[in-house]
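The following paragraphs lead the reader through a protein structure, from local contacts to sheets and aromatic pairs. Please keep the sequence and the model in view while reading.

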Amino acid sequence: MAAPESECCGSDGYRDLRGVRVELDPGAARVGGGEGFAVSFWLYLSSSARPSSVILHQITAGDDNKLPFLALGEGNKLLLFPLMRLHRETPGPASSYPWTDTTNLSSTSQCPLEKWFHIGCEVTENVLRLHVDGSLTAEAPVCSLFDGPDRQDDANQVSLVGSDGKLEGYIYNIEVSSVLGTVKEKYTKNPPFKLSIDYSCSDGIEEGDDGIWSIVGGKASCRRNFILEVVLTNAFGEPAKDKEVVASLVYADDGTVVAKSRDDSEPPLLITCEGLEYAAISRPLQIIRGRALFKLKISQLSSKCDNKLFRIQFSTLHMQRYPFLEAYSKLIRCISRSRTIRPLGPGKRASSATADETDLLNNGQGFVSADKVNGREHSLCLHTPMFSNIEGGIVKVVEAHKMVSQNKNARKVVVSKEAQNVMGTDSSTSNYDSFDSGSSWSGSDGDDGIETFSDAVVFRYCLDSTYDRSKFLRGAAPTVHKDDLVKLADQVSLYSGCSHHRNQILMSKRLLREGADTWNMISKNNERALWSSAIPEIITKFTNIAHSVSRGLLEQDLEVLRGIAGCGEDIGRDEFDRLWYWLYPVAVSLSREKIKKLWDCTTPRWIEGLITIEEAENALRSSRELLKEPGTFVLRFPTTRSWPHPDAGSLVVTYIGSVNSIHHRLLSLDSSDASAENLQDLLLQEPELSQLGRVDRLPTAIRR
């Protein structure tokens, strides 16, 4: 018989290639005239892997010769070799790359790098089989070394040993089984994990033409929040559970941790939790539905560290350190003053909003759609440029600033100290602050009020991050008159070139008021509340705002909301606010009559609703390897867009394109009839979908 099935790894199942050793019994493959054994494992190869690298060697006791058993051949394709002591075609000691004179079995596709994939090697006296990700990719006959069944030499065992250091890689859960045909079962059982960063969720970051991030850091009065989201999923894209991830600041050149300077009492990297700042290294975050959202600040400046570049390193706690359980951000240059100003992009002159529009949005009848997104989601909404060209973008900004300055009759109001701190008295002087150093929340004419939304405030809002915009609106919206909110919305829409900023500003009053009321109902004046007690109030508020009677929130929807909040069994105010800032714009969108019809329709289900991007992509697969028919689509709300992001509450179509790949596009429905009868026409405005042919080639939306 073959060597019994055995676990050959450490307690966590991961093993460096250089430490792998497993015993095989060639004699077992000759018992019964063709029985054999299977070796199966998950493999992770570094980006430095090159053809000619041997993954597993085969050796025998007392023999110093290492012969290849599994290697990388031309084009990084897997090569499986006959087994010594069993097959006549075993490679000789002098065999070397490219092994053209040696019998081997080659896979049909290139091995992925820095990604887990599964390998299964079945060995019998007469056949070799190679499986990749549970599928048989190659099979070839081989000749037995023995002529008859009476030739038994079971004492000569063969050992498989890992790379001798020339190849950096890792093996997970390597097993030897005496039962053939179990490779696919091994593939589906207990897959390994990988940590990564979802850059589509980042915020508060400016990226230069050289690809280096610029982040405003330094002293407390200057530094700004930036947001990064990490994802921990297994090889099938399924989220991890009960894991924690911690962030630290490291030097980009050698990966060493940035130390606290002698003249600085603060840690180099800070994390904001429950409104308070802590040393990031001391506050790991729990992975919720495979994700953890980090709100970070950097106190150490590149200029104080020999102008070195940084990275944010994320790593899992309570697990051994491996490259696949660590994730590194892009290169970071931490600066003390301004971030790079990008030229104004194409935009359109927004029509003036009215107080009636504010009432409409605040009463749950408005609809928020989007015309620009970051990362993987792109818009279908086209706008007419406000300016003839975007060359000399700073000059255009100044010209627009002068236009605003001509308004001498600005309304006077008093706003909260928080809003003043966000937009007017931040001591970090930036380029866009310098347009009018005397125009801010502080006023300059000695009146008993404060000048509302000066030109500097408007432009800073246009250029700031989503986090800073929300902080400003939280302080300003509850205290200003709705007419002033309308003026701010119009000005921001005009000078940002994006009319959807206006909708987010107009809904802010009611969003904040109803959010506070809902939290008071949930918490009963306590700092935290049980998630189970929050669910009924959240469902009630969602139903009231969306005016949806026939379709509410299912258990799956609530799990997505809990993932957005980042909470566990209980929820705090900060976590509730994260949930509310995402859910309210979605509910407002659904309150629009024709969008509501799509939401309420469940046969077919046009809008999947509260699902993550991973769930949408999985729904478009008929199996883990195969996609459904081109043109199949899912409509969803992007979980990475929250108020006051201009895309908050927008619909995204996730679909299979003509080249059998998955795409994500934002739909702008503000100028279209969004009824179910013509939604397919709207989808076909997307070039990739329009190439698929007639409208009736689009299947109905996939059901949950």
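Two residues are in contact when heavy atoms of theirs lie within 4.5 Å. The model to which this criterion is applied here is a predicted one.

Thr 233 offers a starting point for the contact criterion. This residue belongs to strand β16. Leaving aside residues up to four places away in sequence, Thr 233 touches Pro 192, Phe 193 and Lys 194, and also Glu 238, Pro 239 and Ala 240. The relative accessible area of Thr 233 is 16%, and because buried means under 20%, the residue counts as buried. Ser 95, by comparison, is placed in the loop between β6 (77–80) and β7. Ser 95 has a relative accessible area of 21% and is therefore partly exposed. Its C-alpha atom is separated by 8.6 Å from that of Pro 68, and the two residues are 27 residues apart along the chain.

The chain as a whole can now be considered. The protein chain contains 16 helices and 33 strands. It has 704 residues, of which 54% count as buried. The accessible surface of the chain amounts to about 30,100 Å², and carbon and sulfur atoms account for 47% of that area. Contacts between residues at least 6 apart in sequence join residues at least 24 apart in 73% of cases.

Two sheets deserve a closer description. Strands of a sheet pair through backbone hydrogen bonds, in a parallel or an antiparallel sense. In one open sheet, 6 strands follow the order β1-β12-β3-β8-β9-β10, with antiparallel pairing. At the edges stand β1 (14–16) and β10 (135–141); each has a single partner strand, so one side of each lacks a neighbour in the sheet. On average, neighbouring strands of this sheet are turned by 25 degrees against each other, direction ignored.

Within this sheet, strand β3 (residues 37–45) pairs with strand β8 (residues 117–123) in the antiparallel sense over 7 bridges. Ala 38 has Glu 122 in β8 as its bridge partner. Further along the order, strand β9 (residues 127–132) and β10 are joined in the antiparallel sense by 6 bridges. Val 132 finds its bridge partner in β10, namely Ser 135. These two strands, β9 and β10, make a hairpin with 2 residues between them, and Asp 133 in the turn has a positive phi of about 50 degrees.

Another open sheet of 6 strands runs in the order β2-β11-β4-β5-β6-β7, and its pairing is antiparallel. Its edge strands, β2 (21–24) and β7 (105–110), each pair on one side only. Here the average turn between neighbouring strands is 20 degrees, direction ignored. The pairing of β2 with strand β11 (residues 158–162) is antiparallel and comprises 4 bridges. Arg 21 is matched with Val 161 in β11 as its bridge partner.

Among the helices, α9 may serve as an example. Helix α9 (residues 508–523) consists of 16 residues and spans 22 Å from its first C-alpha to its last, close to the 22 Å expected at 1.5 Å a residue. Its buried residues include Leu 511, Leu 512, Trp 519 and Ile 522, as well as Glu 514. Lys 524 follows α9 and has a positive phi, near 55 degrees.

The aromatic residues provide a further view of the chain. A pair of aromatic rings is described by the distance of the centres and the angle of the planes. The count of aromatic pairs comes to 26. One of them is formed by Trp 42 and Phe 236, an edge-to-face pair at 5.8 Å centre to centre with 65 degrees between the planes. This pair links distant parts of the chain: Trp 42 lies in strand β3 and Phe 236 in the loop between β16 (226–234) and β17 (244–251), 194 residues apart. Both Trp 42 and Phe 236 are buried.

The pair of Tyr 170 and Phe 324 is edge-to-face because the ring centres are 5.4 Å apart and the planes stand at 80 degrees. Tyr 170 is part of strand β12 (residues 169–177), while Phe 324 is in the loop between β22 (310–316) and β23 (326–328), so the pair ties together parts that are 154 residues apart in sequence. Tyr 170 and Phe 324 are both buried. Ring pairs also place these two residues in a cluster with Tyr 14, Tyr 44, Trp 116, Tyr 172 and Tyr 322.

Terms used. Residues are numbered from 1 along each chain as its sequence is written. This is a predicted model: local features need pLDDT of at least 70, side-chain atom pairs count only at pLDDT 80 or more; totals for chains, interfaces and linings use all residues. Side-chain values use heavy atoms; hydrogens and water are left out. Two strands pair if DSSP finds at least two bridges between them. Axes are lines fitted to C-alpha atoms, for helices over the stretch in contact, and angles run from 0 to 180 degrees between N-to-C directions. Buried means under 20% relative accessible area, exposed over 50%, partly exposed in between (1.4 Å probe, protein chains only). Accessible areas come from the Shrake-Rupley method with a 1.4 Å probe; for residues, only the protein chains shown count as cover. The expected span of a helix is 1.5 Å times one less than its number of residues. Rings of Phe, Tyr and Trp (its six-membered ring) pair if their centres lie within 6.5 Å; planes under 30 degrees apart count as stacked, over 60 as edge-to-face and the rest as tilted.
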